[in-house]
Amino acid sequence: MDSQTGPGSGDYVALEARYGARNYLPVPVVVDRALDCLVWDVEGREYIDMMGAYSAVSHGHLHPRLVAAAQRQLGKVAVTSRAYYGNTLGPFLAKLCSVAGFDRALPMNTGAEAVETAIKCARRWGYRVKGIPDGQAEILVARGNFHGRTNTIIGFSSEPEYRAGFGPFTPGFRHFDFGDMASIEAAASPHTCAVLIEPIQGEAGVVVPPPGFFRALRDWCTKNRVLLIDDEVQAGLGRTGRWFAFEHEGIRPDGLILGKALGGGLLPVSAFLADDAVMNVFDPGSHGSTFGGNALAAAVALEGLRVLEEEHLVDRAAELGPYLMDRLQEVQKAAGPLIRDVRGRGLWVGVDIDPAHGSARRLVERLAERGVLSKETHETVIRFAPPLTITRALIDKACGVFREVVLRP
């Protein structure tokens with residue numbers, strides 16, 4: 001370490017490698033600061049952020065209105081627990097329910113916590129409302145799902161690497177093939193209380209279901225008295241060009257899970273939303289969180305919803321999403337067999353790399369070397385999910401770099 005210049009990227013990488021648990025393998029970029037869609041490393045190199053922290057930074061880094069809201073609240077009170085009422089939580093919940101169209105919202109912190117909340121709610125609804133015998137409720141989940149990394153959630157993952165060495169797992173989950181109604185019908189039983197599903201499978205490689213699938217699923221759930229619980233932790237709040245991805249097929253789930261962008265890129269904020277007929281299975285003491293719904297988080301999240309609305313960021317995703325898709329498909333045509341597919345919706349696109357012709361991880365690293373940040377998933381798919389504040393000029397620049405990288409291995 002040079003005492004004249006201070007620590008560099010290699011020093012920080014070494015510190016994390018030495019003292020951090022080895023549960024991540026980051027791209028070797030050490031971020032020092034960020035603003036809107038740009039990031040700078042500790043050496044001052046500039047990058048275009050085409051990941052947006054997996055949708056957590058949909059407003060752009062350090063949006064001035066969100067920073068100001070946080071600063072105002074930090075001058076008053078941040079955390080008191082839910083042992084008392086506050087003057088930020090109620091307005092936030094009212095706005096969230098109004099935007100999403102549900103009666104009630106239960107605030108938590110991380111997306112995984114909101115998923116766990118939805119699981120508890122669905123099971124209790126199954127017992128108290130549907131009449132399933134105690135302890136026998138079943139929830140249907142899709143193969144290729146990613147709903148978080150708690151032990152319950154990884155227990156119903158279909159990815160061996162997420163499960164290896166962490167059992168025994170919680171029972172009560174049955175699998176179906178994503179996008180396949182016949183598979184859902186085969187997996188169901190009289191004890192099925194809910195279907196838990198992502199509208200687009202992000203971790204699986206930005207997998208979009210066939211048209212009409214969610215309409216058919218909604219109808220099947222209604223007919224069979226099964227809750228449809230939609231996990232939009234990544235897809236929600238404008239990412240796909242609508243406020244919520246379920247709107248693309250004109251349906252409405254029974255429960256909605258939100259997170260990531262709900263915190264405005266500043267704080268972990270999540271929520272489970274449902275109408276009274278579902279949410280009223282909770283009573284005092286049946287669920288809670290010390291930090292869930294804290295004053296600071298509520299103030300920031302409320303301002304985040306206002307920014308999405310007033311700055312028309314959902315409309316921007318609807319406009320620029322097809323443009324990003326077109327630019328990446330142009331690269332696909334030029335890349336030949338290297339790129340097998342380009343798929344997505346709104347500002348959320350996955351580029352599927354044929355491992356016989358190239359490495360997604362190596363392409364991501366080369367993109368970073370050229371000033372564009374992305375991330376691979378499942379070893380073959382590169383994800384592009386920039387902040388919703390991205391411009392055409394930045395999309396052009398990022399896609400231009402991507403073209404150079406794939407054409408000059």
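# Exercises on a predicted model

Leaving aside neighbours within four places in sequence, leucine 273 touches Leu96, Cys97, Ala100, Phe102, Arg104, Ala105, Asp254, Gly255, Leu256, Leu258 and Met279. The structure behind these exercises is a predicted model.

**Exercise 1.** Find the nonpolar core in which Leu273 is among the residues with the most contacts, and state which helix gives the most to this core.

*Solution.* Begin with the general expectation that nonpolar side chains in soluble globular proteins tend to be buried together. In this model the largest nonpolar core has 91 residues, and those with the most contacts inside it are Phe92, Val195, Leu217, Leu273 and Phe402. The next step is to look for the main contributor, which is helix α11 (residues 313-335), with 10 residues in this core. Finally, note that there is a second, separate core of 30 residues, which includes Ala122, Ala194, Ile229 and Met279; Met279 is also one of the contacts of leucine 273.

**Exercise 2.** Describe how helix α12 packs on helix α13, and decide which word fits the angle between them.

*Solution.* Two packed helices are described by the angle between their axes and the distance between the axes. For α12 (residues 360-369) and α13 (residues 392-407), the axes come within 10 Å and cross at roughly 130°. This angle makes α12 oblique to α13, because angles over 115 and up to 145 degrees fall outside the parallel, antiparallel and perpendicular classes. The crossing in which α12 passes α13 is right-handed. Turning to the residues, Leu363, Arg366 and Leu367 of α12 meet Val401, Phe402, Val405 and Val406 of α13. Sorted by class, this contact has six nonpolar residues, no polar residues and one charged residue.

**Exercise 3.** Carry out the description for helix α3 and helix α10, and give the handedness of their crossing.

*Solution.* The axes of α3 (residues 89-100) and α10 (residues 295-310) come within 8 Å and cross at roughly 35°, and this crossing is left-handed. On the side of α3 the contact is made by Leu89, Pro91, Phe92, Lys95 and Leu96, while α10 brings Ala298, Ala301, Leu302, Leu305 and Glu309. When these residues are divided by class, eight are nonpolar, none is polar and two are charged.

**Exercise 4.** Is isoleucine 153 buried or exposed, and which residues are in contact with it?

*Solution.* First locate isoleucine 153, which is found in helix α5 (residues 151-155). Its relative accessible area is 1%, so isoleucine 153 is buried, since buried means under 20%. Apart from neighbours within four places in sequence, isoleucine 153 is in contact with Ala112, Val115, Glu116, His147 and Gly148.

**Exercise 5.** Examine the backbone at aspartate 36, at serine 81 and at the bond from glycine 167 to proline 168, and state what is unusual there.

*Solution.* The background to this task is that most residues other than glycine have a negative phi, and most peptide bonds are trans. Aspartate 36, in the loop between β1 (31-35) and β2 (38-41), is not a glycine and yet has a positive phi of about 55°. Serine 81, which lies in the loop between α2 (64-74) and α3, likewise has a positive phi, of about 75°, although it is not a glycine. With relative accessible areas to compare against the cut-offs, aspartate 36 at 33% is partly exposed, and serine 81 at 26% counts as partly exposed. The last step concerns the peptide bond from glycine 167 to proline 168, which is cis, with omega near 5°; proline 168 has its place in the loop between α6 (160-163) and β6 (173-176).

Technical notes. Residues numbered from 1 in each chain as written. Predicted model: local features only at pLDDT ≥ 70, side-chain atom pairs only at ≥ 80, totals over all residues. Heavy atoms only, no water. Core = buried A, V, L, I, M, F, W, Y, C linked by side-chain atoms within 4.5 Å. Buried < 20%, exposed > 50% of the residue type's maximum accessible area, 1.4 Å probe, protein only. Helix = DSSP H or I, 4+ residues; strand = E, 2+ residues; numbered from the N terminus. Contact = heavy atoms within 4.5 Å. Axes fitted to C-alpha atoms, helices over the stretch in contact; angles between N-to-C directions. Parallel < 35°, antiparallel > 145°, perpendicular 65-115°, else oblique. Left-handed = near helix turned anticlockwise from the far one by under 90°. Nonpolar A, V, L, I, M, F, W, Y, C, P; charged D, E, K, R; others polar.
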